[in-house]
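Trainee: Can we go through this structure together, one element at a time? I will ask, and you explain how each answer is reached.

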Amino acid sequence: MALASSIITTLLTLQPAGYATLAVVAVCSLFFSLRLLTNFTAGKNRAGPCLRRVPQVPGLPVLGNLLQLKEKKPHKTFTKWAETYGPIYSIKTGSSSVVVLNTTAVAKEAMVAKFSSISTRKLSKALSMLTEDKSIVAMSDYDDFHRTIKRHVLTHLLSPSAQKRLLYQRELMVENIATKLRDHAEARPGEALNFRKIFETELFGLSTRQAIGKDVESIYVEELGSTVSREEIFRILVLDQMEGAIEVDWRDFFPYLRWIPNPSFEKKIRRMNFLRRAVMNALIKECKQRIASGDVIDCYIDYLLSEGKTLTDLQIMMLVWETIIETADTVMVATEWTIYELAKNPDRQERLFQEILTACGSSEGLSEQHLSKLPYLNAIFHETLRRHSPVPIIPLRHVDVDTELGGYHVPAGTEIAMNLYGCNMDRKQWESPEEWMPERFLDGGSDTTMDLHKTMAFGGGRRACAGALQAMLISCTSIGKMVQQFEWRLEEGEEENVDTLALTARKLEPLHVTIKARS
Ligand code: HEM
């Protein structure tokens, strides 16, 4: 899920418009403070006799720590708080208690050893609406439905054998990128290019070829009464959804105030859902017509229509959309940051180029078969995932029964936020964590190229990213090939463009770089 998952994360960000509303809410909430007090006391009584209570970050009555999270990058605030309150602490977001985990050890304990007590997803109102009530693999609870749909996506798309079968599609994508870069270098030598524009377009093409069997140029959408261009399809299926995922409904923090309407929020998310459904229906209708004419092809929709007999039409639509958004987002984020770092670090770029020369020779094109001979490329990929965690916080989970974490008592009903950014920036685990230093994965740290879980970037345990292999294959092959063919440099002023968009690691400004063809 990458997703999607990526941004998806955030219950915890307040939109500016939310503050005025929040003031009203705060007043209303005073009426309920007695109830909160009762909950608090009940929580105290549940604490195990021998275990300590999780340290708490001081906050305000009723609002808790909400106002301290207003800068919209909670993963950074959480990481700062870890220096004072330790690797595990608790915060209050309105009436909910959230325990934040900031080191690999305690996050792994939650994801692996204590998984059975902490497996339920706690979704914000926005996410709940956008995922049609947990109808996708990444956001579903750990139940029979999850097992069924995960089996489908692995069987058709993400398992190692499926990835082998779909190699030709990734090769086409990498070749298309190389062609566009060559065209740019020839037509406008020395002129900076917008890396994201090229990479994102081709990645979206790959995601739709895998999902519905073709790279769509445009489609007529009945519900809209008009033809929608490729660019608009991308905006509706990917960009708008990512933006919607971080919309916050203040009622998430004060469930007892759900009776107060929040029409602007609901209208916005409903519109996003309507557009996605309209476009996906049009795309799927076209696929059904193709299948009815006897033309069945190797893509996810054809597979699901044949094998997913227990699924409803809506579920099939959501599963197909899920693979599009998951492929089209986080892989772009990881690859764009990698090119940024390589363009900023010419010595390391040269070291990678020399490694590629040794593995492929001077005339052979780099392909996925070479990846096992490119440990430095592998280290570069993992170091970028560590330094620029594409999913900074895992979507919240819910503690179903009283449990122990990091030696503390965590009562049932608590929400859990795993701060992957914090884990990957932990000074006790990583030397100079703010530095991008791929060598740290070579010096005794690297096992094999296929070891995908060196950082916490893909999560861990039973809900670890199902698309990690695909992400690594797409990103590493593209990066290797691009460095094999071109020298990369940052455009002037680009070094400072390191801000990210809201909660995700997506660069706020698309990357601008110059390229020079290698002789
Ligand atoms: C660099 C790229 C990616 C990163 C950093 C990433 C990261 C993550 C993370 C952190 C999770 C959540 C784990 C959890 O909840 O514990 C996740 C879940 C998931 N990801 Fe990715 N992801 C990436 C690419 C992809 C791709 C390309 C796909 C392909 C469709 C994908 C499919 C999934 C799925 C299906 C899940 C849900 C697994 C489950 O709940 O069982 N991801 N990803």
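**Helices and a sheet**

Mentor: Start at the end of helix 10, which is followed by Gly213, a residue with a positive phi near 85°. Keep in mind that this is a predicted model.

Trainee: How many residues of helix 10 are buried?

Mentor: Helix 10 covers residues 195-212, 18 residues in total. A residue counts as buried if 20 or more other C-beta atoms lie within 10 Å of its own. Helix 10 is mostly covered, and the number of its residues that are buried is 15.

Trainee: What span is expected for helix 17?

Mentor: Helix 17 runs over residues 375-387 and has 13 residues. The expected span is 1.5 Å times one less than the number of residues. From first C-alpha to last, helix 17 reaches 18 Å, close to the expected 18 Å.

Trainee: Why is helix 17 described as largely enclosed?

Mentor: The buried residues of helix 17 include Tyr376, Phe381 and Arg387. They pack against helix 15, helix 16, helix 18 and helix 19. Helix 17 is largely enclosed by the rest of the structure because its buried residues number 12 of the 13.

Trainee: Which residue of strand 13 stands opposite Asn194?

Mentor: Strands 5, 13 and 12 form an open sheet in the order 5-13-12, with antiparallel pairing. Strand 5 (193-194) and strand 12 (486-490) are the edges, each pairing on one side only. Two bridges join strand 5 to strand 13, residues 512-517. In strand 13, the residue opposite Asn194 is His512.

How values were computed. Residues numbered from 1 in each chain as written. Predicted model: local features only at pLDDT ≥ 70, side-chain atom pairs only at ≥ 80, totals over all residues. Helix = DSSP H or I, 4+ residues; strand = E, 2+ residues; numbered from the N terminus. Contact = placed C-beta atoms within 7 Å. Pairing = 2+ DSSP bridges.
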